[in-house]
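Colleague: I would like to take a close look at one part of this model with you. Could you walk me through it slowly, as you would for someone in the first year?

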Amino acid sequence: MPWNPEQYHKFQSERSAPFDDLLKMVMLRQGLKVVDLGCGTGELTSRLADALPGSTVVGLDNSPQMLEKAKLYQRPGLSFEMGDQAHLQGTWDLIFSNAALQWSEDHPKLVGRLYSQLAPGGQITVQVPSNHTHISHLLIQETAREEPFHSVLQGFVRVSPVLAIEDYAQLLFDLGAEKIVVFEKVFVHILENSDAVLEWVSGTALVPYFERLGGEKEHFLAILRKKLQSVMPNQPVLYPFKRTFFSAQKPD
Ligand SMILES: C[S@@+](CC[C@H](N)C(=O)[O-])C[C@H]1O[C@@H](n2cnc3c(N)ncnc32)[C@H](O)[C@@H]1O
């Protein structure tokens with residue numbers, strides 16, 4: 001998908017708050033082999049590496065645009081690689097991922113596969129947005145189902161693969177994991193108006209639509225802007241954003 005680092009960074013402070021919560025879930029140990037799946041522009045991967053001195057940290061992403069920015073953070077012990085998080089190779093002491101696994105399908109299979117790639121005593125620590133039932137996301141899907149977009153998109157509608165929190169707990173339990181922690185948190189964002197919500201989703205949820213919409217992109221945005229204005233007329237507007245966190249350790 002053609003990610004746009006500048007668009008994604010428009011809400012950088014709001015987007016880094018969940019990372020701070022996720023980092024607190026990491027068992028800080030020396031000399032770990034760590035991978036950050038969907039590392040994006042690398043700034044947060046660099047902060048992860050700062051928190052784990054003596055560790056070897058690899059940021060993995062499948063976007064050349066994001067990796068180009070990430071390479072600026074490269075240093076001894078921190079490197080970045082092109083790759084698909086769903087086909088991660090190797091064995092790791094820490095598999096970390098902030099706001100990226102929602103882009104890969106079939107989470108029961110994905111989480112099982114990632115867990116199998118943990119070394120004994122290894123930890124998986126993940127945050128994914130679980131905001132797909134918010135009206136902003138429902139209106140994206142509604143608009144995608146309307147013409148002319150339905151035809152241009154060839155019926156494509158992005159459905160989030162993110163599971164209910166109790167399903168992640170069950171999944172990790174069934175895998176034999178220990179120290180299982182799963183929770184959902186609402187991040188309270190106060191944005192200027194509904195146009196700011198459109199800006200927000202343009203950096204993430206709309207990315208897979210943009211690459212398919214071609215010349216209809218601006219038309220799609222104009223329709224969505226109007227719909228958001230009608231359901232979120234207040235200024236400022238509350239944008240409550242749900243995120244799911246889970247962490248577990250493989251027995252030694
Ligand atoms: C919302 S950004 C999060 C970036 C970073 N982790 C952060 O917290 O700022 C999602 C990232 O996941 C990457 N991504 C999406 N699908 C991926 C895949 N299948 N394999 C690797 N990276 C992927 C995107 O390129 C993007 O950089």
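In what order do the seven strands of the open sheet lie?

Modeller: Happy to! Please keep in mind that this is a predicted model. The seven strands of the open sheet follow the order β3-β2-β1-β4-β5-β7-β6, and their pairing is mixed. At the edges you find β3 (78–82) and β6 (178–191), each of which pairs on one side only. Going from one strand to the next, the twist averages 15 degrees.

Let us walk through the sheet, beginning with β1 and β2. Strand β1 (residues 33–37) runs parallel to β2, and five bridges join the two. You can pick out one facing pair here: V34 stands opposite V57 in β2. Strand β2 is mostly covered, with five of its six residues buried.

On we go to β4 (92–98). Three bridges link β1 to β4, and these strands run parallel. Try finding D36, whose bridge partner in β4 is F96. Seven of the seven residues of β4 are buried, so this strand is largely enclosed by the rest of the structure. The cut-off behind that word is simple: a residue is called buried if 20 or more other C-beta atoms lie within 10 Å of its own.

From β4 we step to β5, which runs parallel to β4 and is joined to it by six bridges. Two pairs help you line the strands up: I95 has I124 in β5 as its bridge partner, and N98 stands opposite Q127 in β5. Strand β5 is mostly covered too, since nine of its 12 residues are buried.

Then comes a change of direction. Strand β5 (residues 118–129) and strand β7 (residues 237–249) run antiparallel, with seven bridges between them. Here V126 stands opposite F246 in β7. Now look at what lies against the sheet. Helix α2 packs on it, touching β4, β5, β6 and β7, and the direction of α2 makes about 160 degrees with that of β6. Helix α9 (residues 194–202) packs on the sheet as well, touching β6 and β7; the direction of α9 makes about 30 degrees with that of β7.

As you trace any of these strands, one general rule is handy. In a regular strand the side chains alternate between the two faces of the sheet.

Several residues we have just met return in the nonpolar interior. The largest nonpolar core has 41 residues, and V34, V35, L48, V57, I95 and F246 have the most contacts inside it. To see what that looks like for one residue, take V57: leaving out residues up to four places away in sequence, V57 touches V34, D36, T45, L48, A49, L52, G77 and L78. Another core, of 19 residues, lies apart from the largest one, and includes L153, V201, A205 and F241.

Let us return to helix α9 for a moment, where E199 is found. E199 has 14 C-beta neighbours inside 10 Å, so E199 counts as partly exposed. Follow the chain 26 residues from E199 to R225 and you will see that their C-alpha atoms are separated by 9.7 Å.

The edge strand β6 holds a small surprise in its backbone. K179 has its place in strand β6, and K179 shows a positive phi of about 50 degrees although it is not a glycine. K179 is partly exposed, with 13 other C-beta atoms within 10 Å.

There is one more backbone detail on the way into β7. P236 lies in the loop between α11 (217–231) and β7. The peptide bond from Q235 to P236 is cis, with omega near 0 degrees.

Finally, look at the ligand. Of the 21 residues around the ligand, G38, G40, S63, A100 and W103 come nearest. The elements that give two or more residues to this shell are α2 (12–24) and β2 (56–61), so you have already visited both. By class, the shell has 10 nonpolar, eight polar and three charged residues.

Technical notes. Residues numbered from 1 in each chain as written. Predicted model: local features only at pLDDT ≥ 70, side-chain atom pairs only at ≥ 80, totals over all residues. Near = placed C-beta within 6 Å. Helix = DSSP H or I, 4+ residues; strand = E, 2+ residues; numbered from the N terminus. Nonpolar A, V, L, I, M, F, W, Y, C, P; charged D, E, K, R; others polar. Pairing = 2+ DSSP bridges. Axes fitted to C-alpha atoms, helices over the stretch in contact; angles between N-to-C directions. Contact = placed C-beta atoms within 7 Å. Core = buried A, V, L, I, M, F, W, Y, C linked by C-beta atoms within 7 Å.
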